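Got your viewer open and a hand on the mouse? Let's take a walk through this one, one selection at a time.

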Amino acid sequence: MASAASISGWAPRFQSVLRIVAGLLLLQHGAQKILGFPPGGHGGAFDVSSLSTLAGWSGPIELVGGVLIILGLFSRPTAFILSGFTAVAYWMVHAPQSPYPINNGGELAALYCFVFLYLFFAGPGPIALDSMMRGGRRR
(Lines give C-alpha, C1' and ligand atoms only; values in the text may rest on other atoms or scores of the structure.)
Protein backbone atom coordinates (compact mmCIF):
# COMPACT_ATOMS: atom_id res chain seq x y z
CA MET A 1 0.00 0.00 0.00
CA ALA A 2 1.30 3.46 -0.89
CA SER A 3 2.19 5.79 1.92
CA ALA A 4 0.31 9.03 2.50
CA ALA A 5 3.45 10.98 1.60
CA SER A 6 3.85 9.26 -1.77
CA ILE A 7 0.17 9.76 -2.59
CA SER A 8 0.16 13.43 -1.56
CA GLY A 9 3.08 14.02 -3.91
CA TRP A 10 0.66 13.38 -6.77
CA ALA A 11 -1.88 15.93 -5.52
CA PRO A 12 -0.63 18.90 -7.59
CA ARG A 13 -0.70 16.87 -10.80
CA PHE A 14 -4.20 15.63 -10.09
CA GLN A 15 -5.23 19.22 -9.41
CA SER A 16 -4.27 19.84 -13.04
CA VAL A 17 -6.16 16.71 -14.12
CA LEU A 18 -9.30 17.93 -12.29
CA ARG A 19 -8.97 21.30 -14.03
CA ILE A 20 -8.53 19.76 -17.48
CA VAL A 21 -11.43 17.29 -17.10
CA ALA A 22 -13.77 19.99 -15.75
CA GLY A 23 -12.77 22.24 -18.66
CA LEU A 24 -13.38 19.49 -21.22
CA LEU A 25 -16.80 18.72 -19.77
CA LEU A 26 -17.81 22.40 -19.70
CA LEU A 27 -16.43 22.94 -23.20
CA GLN A 28 -18.86 20.32 -24.53
CA HIS A 29 -21.81 22.40 -23.35
CA GLY A 30 -20.55 25.49 -25.17
CA ALA A 31 -19.53 23.58 -28.30
CA GLN A 32 -22.95 21.97 -28.51
CA LYS A 33 -24.74 25.31 -28.12
CA ILE A 34 -22.56 27.24 -30.57
CA LEU A 35 -21.16 24.67 -33.00
CA GLY A 36 -23.86 21.99 -32.79
CA PHE A 37 -21.18 19.47 -31.82
CA PRO A 38 -21.52 16.91 -30.45
CA PRO A 39 -24.90 16.46 -32.13
CA GLY A 40 -28.03 16.06 -30.04
CA GLY A 41 -29.20 17.87 -26.96
CA HIS A 42 -29.21 21.65 -27.00
CA GLY A 43 -27.58 23.58 -29.75
CA GLY A 44 -27.28 24.06 -33.39
CA ALA A 45 -27.75 27.32 -35.18
CA PHE A 46 -26.11 29.93 -32.96
CA ASP A 47 -27.42 33.40 -33.63
CA VAL A 48 -25.41 36.46 -32.62
CA SER A 49 -28.66 38.23 -31.71
CA SER A 50 -29.05 35.72 -28.85
CA LEU A 51 -26.19 37.53 -27.10
CA SER A 52 -28.79 40.08 -26.05
CA THR A 53 -30.10 37.52 -23.55
CA LEU A 54 -28.53 36.01 -20.47
CA ALA A 55 -29.13 32.50 -21.82
CA GLY A 56 -27.49 33.52 -25.11
CA TRP A 57 -24.23 34.20 -23.27
CA SER A 58 -24.05 30.71 -21.79
CA GLY A 59 -22.60 29.08 -24.94
CA PRO A 60 -19.75 31.58 -25.43
CA ILE A 61 -18.92 31.59 -21.71
CA GLU A 62 -18.81 27.78 -21.63
CA LEU A 63 -16.81 27.52 -24.86
CA VAL A 64 -14.20 30.20 -24.12
CA GLY A 65 -14.08 29.43 -20.39
CA GLY A 66 -13.69 25.72 -21.09
CA VAL A 67 -10.77 26.33 -23.46
CA LEU A 68 -9.02 28.67 -21.00
CA ILE A 69 -9.49 26.21 -18.13
CA ILE A 70 -8.19 23.29 -20.22
CA LEU A 71 -5.10 25.26 -21.20
CA GLY A 72 -4.62 26.58 -17.69
CA LEU A 73 -4.47 30.13 -19.05
CA PHE A 74 -5.81 32.94 -16.84
CA SER A 75 -6.95 30.06 -14.65
CA ARG A 76 -7.87 31.88 -11.46
CA PRO A 77 -9.96 34.69 -12.97
CA THR A 78 -11.57 32.24 -15.40
CA ALA A 79 -12.38 29.79 -12.60
CA PHE A 80 -13.89 32.64 -10.55
CA ILE A 81 -16.10 33.74 -13.44
CA LEU A 82 -17.14 30.15 -14.21
CA SER A 83 -17.95 29.48 -10.56
CA GLY A 84 -20.27 32.49 -10.50
CA PHE A 85 -21.70 31.61 -13.90
CA THR A 86 -22.58 28.08 -12.83
CA ALA A 87 -24.02 29.32 -9.52
CA VAL A 88 -26.30 31.68 -11.45
CA ALA A 89 -27.23 28.83 -13.80
CA TYR A 90 -28.19 26.71 -10.80
CA TRP A 91 -30.28 29.38 -9.06
CA MET A 92 -31.98 30.73 -12.20
CA VAL A 93 -32.58 27.54 -14.18
CA HIS A 94 -32.67 24.63 -11.74
CA ALA A 95 -33.62 25.84 -8.25
CA PRO A 96 -37.02 27.27 -9.27
CA GLN A 97 -38.10 23.74 -10.29
CA SER A 98 -37.39 22.15 -6.89
CA PRO A 99 -35.26 22.88 -3.83
CA TYR A 100 -33.45 19.55 -4.26
CA PRO A 101 -30.68 19.23 -6.87
CA ILE A 102 -31.52 15.57 -7.50
CA ASN A 103 -35.06 16.61 -8.48
CA ASN A 104 -34.25 19.79 -10.41
CA GLY A 105 -31.38 18.43 -12.53
CA GLY A 106 -28.94 20.92 -11.06
CA GLU A 107 -26.33 18.55 -9.64
CA LEU A 108 -23.88 19.26 -12.45
CA ALA A 109 -24.22 23.05 -12.17
CA ALA A 110 -23.72 22.87 -8.40
CA LEU A 111 -20.70 20.59 -8.75
CA TYR A 112 -19.15 22.82 -11.44
CA CYS A 113 -19.66 25.81 -9.16
CA PHE A 114 -17.63 24.26 -6.34
CA VAL A 115 -14.97 22.70 -8.58
CA PHE A 116 -14.31 26.07 -10.20
CA LEU A 117 -14.37 27.79 -6.81
CA TYR A 118 -11.78 25.28 -5.59
CA LEU A 119 -9.61 25.97 -8.65
CA PHE A 120 -9.89 29.70 -8.01
CA PHE A 121 -8.40 29.24 -4.54
CA ALA A 122 -6.03 26.32 -5.26
CA GLY A 123 -4.74 27.45 -8.65
CA PRO A 124 -4.34 25.50 -11.88
CA GLY A 125 -1.74 22.98 -10.76
CA PRO A 126 1.66 22.47 -12.38
CA ILE A 127 0.42 21.32 -15.79
CA ALA A 128 -0.87 24.68 -16.99
CA LEU A 129 0.23 27.54 -19.20
CA ASP A 130 -0.06 29.83 -16.18
CA SER A 131 2.48 27.68 -14.34
CA MET A 132 4.81 27.51 -17.35
CA MET A 133 4.72 31.28 -17.80
CA ARG A 134 5.72 31.67 -14.14
CA GLY A 135 8.62 29.31 -14.68
CA GLY A 136 6.94 26.37 -12.98
CA ARG A 137 6.40 28.23 -9.69
CA ARG A 138 3.10 27.62 -7.95
CA ARG A 139 0.96 30.50 -6.77
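Start by colouring α2, α3, α4 and α6, since each of these helices puts at least two residues into the lining of the largest pocket. Before going further, keep in mind that you're looking at a predicted model.

**Stop 1: the pocket.** Which helix gives the largest share of that lining? Select α4: seven of the lining residues come from there. The full lining runs to 22 residues. To find the middle of the pocket, show K33, S58, E62, A89 and V93 as sticks, as these lie nearest its centre. The space inside comes to about 600 Å³. Now colour the lining by residue type, and you should get 13 nonpolar residues, seven polar and two charged.

**Stop 2: the core.** Hide the pocket and select A22, L26, I69, A79, L82, F85, Y112, V115, F116 and L119. Those 10 residues form the largest nonpolar core. Three helices each bring at least two residues to this core: α2 (11-35), α4 (75-94) and α6 (107-122). Of these, α6 gives the most, with four residues.

Stay here a moment and zoom in on L119, a member of this core. What does L119 touch, once you leave out residues up to four places away in sequence? Bring up Q15, R19, R76 and A79, and you have its contacts. One of them, A79, belongs to the core as well.

**Stop 3: two backbone oddities.** Next, drop the side chains and look at the backbone. Most residues other than glycine have a negative phi, and most peptide bonds are trans. Two spots here go the other way.

- Select F37 and P38: the peptide bond between them is cis, with omega near -5 degrees. You'll find P38 in the loop between α2 and α3 (58-71).
- Then select F74, which isn't a glycine yet has a positive phi, near 55 degrees. F74 sits in the loop between α3 and α4.

**Stop 4: out past α7.** Finally, move along the chain to G135, in the segment after α7 (129-133). Is G135 buried or exposed? Its relative accessibility is 62%, and the cut-off for exposed is over 50%, so G135 counts as exposed.

For a last exercise, draw a distance line from G135 to W91, C-alpha to C-alpha. The two are 44 residues apart in sequence, and your line should read 39 Å.

Methods:
Residues numbered from 1 in each chain as written. Predicted model: local features only at pLDDT ≥ 70, side-chain atom pairs only at ≥ 80, totals over all residues. Heavy atoms only, no water. Core = buried A, V, L, I, M, F, W, Y, C linked by side-chain atoms within 4.5 Å. Buried < 20%, exposed > 50% of the residue type's maximum accessible area, 1.4 Å probe, protein only. Contact = heavy atoms within 4.5 Å. 1 Å grid on protein atoms, 1.4 Å probe; cavity = no way out; pocket = protein on both sides within 12 Å on 5 of 7 lines; lining within 4 Å. Points joined across faces, edges and corners; volume = space filled by probe spheres on them. Nonpolar A, V, L, I, M, F, W, Y, C, P; charged D, E, K, R; others polar.
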